[in-house]
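Where are the open and enclosed spaces of this protein, and which parts of the chain surround them? Please consider the sequence and the model with that question in mind.

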Amino acid sequence: RVQQLRQRAVERLAALEAEESARVPKVEVVEPATTPTSPVSPLYARDAALVLASALLVALLAMGIVELFNRPPPQPAAVIVPQTWMPVSLGGAHASAALGMEVPRALLDVAAQSPASLPAPPVLPRELTTGEQKALLDAADDDLRAALALLSTGLTGQEVVRLRCGDIDRGAGVVRVTGAAQRQLSIPPNVLALLPDDGRPADSPVLTARNGASMSEADLDAALLYAAHDAGIEHADEVTVTALHHTYVAYLVRQGVRFSELVKLVGDLRADLLAAYGKMTPAGPRQSIEHIDRVLPVMRD
């Protein structure tokens with residue numbers, strides 16, 4: 001009995017081993033393995049050439065787009081027709097060598113003149129707002145407040161520092177301006193009250209410096225700078241005598257005053273400044289000085 005059981009176990013083991021060997025795949029070696037001499041991938045030389053070619057194409061495309069949108073407008077060609085009256089050389093080289101005659105120097109100078117060589121339009125000074133003018137008056141002392149009152153009635157900085165006490169007629173309410181632009185300005189009583197009235201001689205200056213001498217334009221600009229800083233005005237360095245005079249002129253121009261009568265209030269103005277102020281004038285007919293408000297709003301208080 002034991003021998004029979006052993007025989008069956010041996011047969012079962014043989015069957016199991018036969019089934020296991022049947023499931024193992026069969027391998028056939030076609031070519032033995034060898035050590036590679038070069039990488040299969042990537043191909044560095046080919047890839048580098050492709051990258052360089054792509055970068056070149058992209059650069060050319062970018063240059064073409066930039067040139068397309070930044071192309072300067074076409075300039076008209078200047079053609080010089082030879083004439084028998086042209087006796088001058090062309091830029092130092094005689095045109096007779098090429099044309100059989102010479103070109104006038106005047107024509108060459110006009111043709112060589114570019115827009116960059118033309119005079120630039122004037123840059124107008126800063127125009128102070130009503131709030132900035134009021135803050136400047138509040139921060140100013142008596143002398144500077146008198147200067148501000150005179151500047152707000154049409155006087156220039158040079159005329160203010162040259163003004164003498166005898167030029168102020170309080171009874172008639174006028175200020176006589178001497179110099180190249182002589183005129184007589186009517187001063188409102190509230191503005192006239194800001195001017196000093198301490199019984200000084202008629203030939204003494206209205207504005208005096210700390211040392212008692214006549215104030216100069218530089219001293220007046222320095223006093224304005226101090227007051228502008230104290231008043232908290234932004235860009236205080238732009239608050240100058242010229243800016244205050246420009247503020248008054250712009251106030252009159254925006255009311256449509258006639259330029260022929262404007263000089264009676266503010267003195268002579270350069271032609272380029274008049275052209276710049278002409279852009280501020282409103283539409284419609286111009287007004288005479290009798291029909292405009294000649295007092296700044298800040299000076300009415």
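The paragraphs below treat the pockets, then a helix pair, then the cavities, and lastly a salt bridge.

The model is predicted. Its largest pocket has a volume of about 520 Å³. Lining this pocket are 25 residues, and those closest to its centre are Thr156, Thr242, His245, Asp268 and Leu269. Four helices, α6 (157-162), α8 (217-230), α9 (241-253) and α11 (271-278), are the elements that give two or more residues to this lining. In chemical class, the lining of the largest pocket comprises 10 nonpolar, nine polar and six charged residues.

The second largest pocket has a volume of about 370 Å³. Its lining consists of 14 residues, and nearest its centre lie Asp141, Arg210, Met215, Ala223 and Tyr226. Here the elements that contribute two or more residues are α5 (142-151) and α8. Helix α8 gives the largest share of this lining, with five residues. Nine residues of the lining are nonpolar, one is polar and four are charged.

How do the two helices that border the second largest pocket, α5 and α8, stand to one another? Two packed helices are described by the angle between their axes and the distance between the axes. For α5 and α8, the angle is about 105° and the axes are 11 Å apart. An angle from 65 to 115 degrees counts as roughly perpendicular, and α5 is therefore roughly perpendicular to α8. On the α5 side, the contact involves Leu144, Ala147 and Leu148, which meet Leu220, Ala223, Leu224 and Ala227 of α8. By class, this contact has seven nonpolar residues, with no polar and no charged ones. Ala223 thus appears in two settings: it belongs to the contact with α5, and it is among the residues nearest the centre of the second largest pocket.

The enclosed spaces come next. The structure holds two cavities of 30 Å³ or more. The largest cavity contains about 100 Å³ of space. Around it are Leu128, Gln133, Leu136, Leu137, Leu148, Leu151, Ser152, Leu244, Thr247, Leu296, Val298 and Met299. The elements that give two or more residues to this lining are α4, α5 and α9, and α4 supplies the largest share, three residues. The lining of the largest cavity divides into nine nonpolar and three polar residues, with no charged residue. Leu148, one of the residues that line this cavity, also takes part in the contact of α5 with α8.

The second largest cavity holds about 40 Å³ of space. Glu159, Arg162, Leu163, Asp167, Arg176, Val177 and Thr178 form its lining. At least two of these residues come from each of α6 and β2 (174-177). Which classes make up this lining? Two of its residues are nonpolar, one is polar and four are charged. Helix α6 is also one of the elements that give two or more residues to the lining of the largest pocket.

The last topic is the pairing of charged side chains. Side chains of opposite charge can pair when their charged atoms come close. The structure holds 10 salt bridges. One of them joins the side chains of arginine 126 and glutamate 238, at 3.7 Å from N to O. Arginine 126 is in the loop between α3 (105-112) and α4 (130-139), whereas glutamate 238 is in the loop between α8 and α9, so this pair ties together parts that are 112 residues apart in sequence.

Methods:
Residues are numbered from 1 along each chain as its sequence is written. This is a predicted model: local features need pLDDT of at least 70, side-chain atom pairs count only at pLDDT 80 or more; totals for chains, interfaces and linings use all residues. Side-chain values use heavy atoms; hydrogens and water are left out. On a 1 Å grid over the protein atoms alone, a cavity is a set of points where a 1.4 Å probe fits but cannot get out, and a pocket is an open set with protein on both sides within 12 Å along at least five of seven lines; lining residues have an atom within 4 Å of a point. Grid points are joined across faces, edges and corners, and a volume is the space filled by probe spheres set on the points. Ala, Val, Leu, Ile, Met, Phe, Trp, Tyr, Cys and Pro count as nonpolar, Asp, Glu, Lys and Arg as charged, and the others, Gly among them, as polar. Axes are lines fitted to C-alpha atoms, for helices over the stretch in contact, and angles run from 0 to 180 degrees between N-to-C directions. Angles under 35 degrees count as roughly parallel, over 145 as roughly antiparallel, 65 to 115 as roughly perpendicular and the rest as oblique. Contact means heavy atoms within 4.5 Å. A salt bridge is a side-chain nitrogen of Lys or Arg within 4 Å of a carboxyl oxygen of Asp or Glu.
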